[in-house]
Amino acid sequence: MSASASAAMSPLRLTEVLVGGLPPDVGVPGGPDRYTVPIVLSRRVTGAEKSRIEGRAVREELDAAGYRHIRLAVVDRRLMVTETTLRELAAGLGYHLTRVIDDAVQQIHDEDDARDRRARDAQTREASRLQSLTSQAALIDFQAAPRVNPAAEDEGERWDDDGGTPGRAEKASLDTS
């Protein structure tokens, strides 16, 4: 099972602020106005999820929501939210982070599903092609005398899809190109 497939079974969630990871001078007189807040993630992220979360699209979504100063970084099972505060997270940033992470993960899952669908479709086409070739090959009798004149005009139609010389249908489409 791929990392993406196992990640699809386990949702990625923000679980709690890692208070022990806050700078030691937060909450004391003269402490920083803004700082990095580590938030624990429910599981390790995949490489694709990390790229999305740290990427331009998520930054743009946060910018549009009024959080232009925020940057995100994934470190192990933590989401590092820079230039923020606990108050800002409680006042709405936490909600926006959940939404953009959910959207990023859903986009990855949608892309994985589309890629899987394309692969299944390609396998189906290949199986159909091989079945057609097998059926055509089964018509060949190396011991029997020819049943039709190989130069007959309609013979080309019978073998249009054998992958060899173009039949009349392919010749017509090539002539109009």
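R68 sits in the loop between helix 3 and strand 3, and that is a good place to start a walk through this predicted model. Is R68 buried or exposed? R68 is exposed, because its relative accessible area of 59% is over the 50% cut-off. Setting aside residues up to four places away in sequence, R68 touches L62 and D63. Another residue to look for is E83: it is 15 residues from R68 along the sequence, and the two C-alpha atoms are 9.8 Å apart in space.

## The whole protein

Now take a step back. The protein has six helices and four strands, and along the sequence they follow the pattern α-β-β-α-α-β-β-α-α-α. Of its 177 residues, 25% are buried. How many of the contacts join residues at least 24 apart? Counting contacts between residues at least 6 apart in sequence, 62% of them do.

## The sheet

The four strands form an open sheet in the order 1-2-4-3, and their pairing is antiparallel. Strand 1 (14-17) and strand 3 (71-75) are at the edges; each has a single partner strand, so one side of each has no neighbour in the sheet. On average, neighbouring strands are turned by 30° against each other, with direction ignored.

You can follow the sheet from one edge to the other. Strand 1 pairs with strand 2 (residues 35-41) in the antiparallel sense over three bridges, and L14 has L41 of strand 2 as its bridge partner. Strand 2 then pairs with strand 4, again in the antiparallel sense, over five bridges. Here I39 stands opposite L79 of strand 4. Strand 4 is also joined to strand 3 by five bridges, and these two run antiparallel. In this pair L72 is opposite V81 of strand 4. Strand 3 and strand 4 form a hairpin with two residues between the strands, where D76 takes a positive phi near 55°.

As you look along the strands, keep one general idea in mind: in a regular strand the side chains alternate between the two faces of the sheet.

## Helices against the sheet

Helix 2 packs on the sheet, where it touches strand 3 and strand 4 (78-84). The direction of helix 2 makes about 160° with that of strand 3. Helix 4 lies across strand 1, strand 2, strand 3 and strand 4, and runs at about 130° to strand 4.

Between strand 4 and helix 4 there is a loop, and T85 is found in it. T85 is buried, because its relative accessible area of 15% is under the 20% cut-off. Which residues does T85 contact, leaving aside neighbours within four places in sequence? They are D33, R34, Y35 and V37.

## Helices against helices

Helix 4 also packs with helix 2 and helix 3, as this table shows.

| Helix pair | Angle | Distance between axes |
|---|---|---|
| Helix 2 (residues 47-54) and helix 4 | about 135° | 9 Å |
| Helix 3 (residues 56-64) and helix 4 (residues 86-138) | about 150° | 10 Å |

Start with helix 2 and helix 4. Their angle makes them oblique to each other, and helix 2 passes helix 4 in a right-handed crossing. On the helix 2 side, the contact is made by A48, E49, R52 and I53, while helix 4 brings I101, A104, V105, Q107, I108, H109 and E111. Sorted by class, this contact has six nonpolar, two polar and three charged residues.

The crossing of helix 3 and helix 4 is right-handed. V58, E61 and L62 of helix 3 meet L93, H96, L97, R99, V100, D103 and A104 of helix 4. By class, these are six nonpolar, one polar and three charged residues.

H96, in helix 4, deserves a second look. Buried or exposed, which is H96? H96 is buried, because its relative accessible area of 18% is under the 20% cut-off. Not counting residues up to four places away in sequence, H96 touches L62, A65 and Y67. L62 brings us back to where we began, since R68 touches L62 as well.

Note on methods
Residues are numbered from 1 along each chain as its sequence is written. This is a predicted model: local features need pLDDT of at least 70, side-chain atom pairs count only at pLDDT 80 or more; totals for chains, interfaces and linings use all residues. Side-chain values use heavy atoms; hydrogens and water are left out. Axes are lines fitted to C-alpha atoms, for helices over the stretch in contact, and angles run from 0 to 180 degrees between N-to-C directions. A crossing is left-handed if the near helix is turned anticlockwise from the far one by less than a right angle, and right-handed if clockwise. Contact means heavy atoms within 4.5 Å. Ala, Val, Leu, Ile, Met, Phe, Trp, Tyr, Cys and Pro count as nonpolar, Asp, Glu, Lys and Arg as charged, and the others, Gly among them, as polar. Angles under 35 degrees count as roughly parallel, over 145 as roughly antiparallel, 65 to 115 as roughly perpendicular and the rest as oblique. Two strands pair if DSSP finds at least two bridges between them. Buried means under 20% relative accessible area, exposed over 50%, partly exposed in between (1.4 Å probe, protein chains only).
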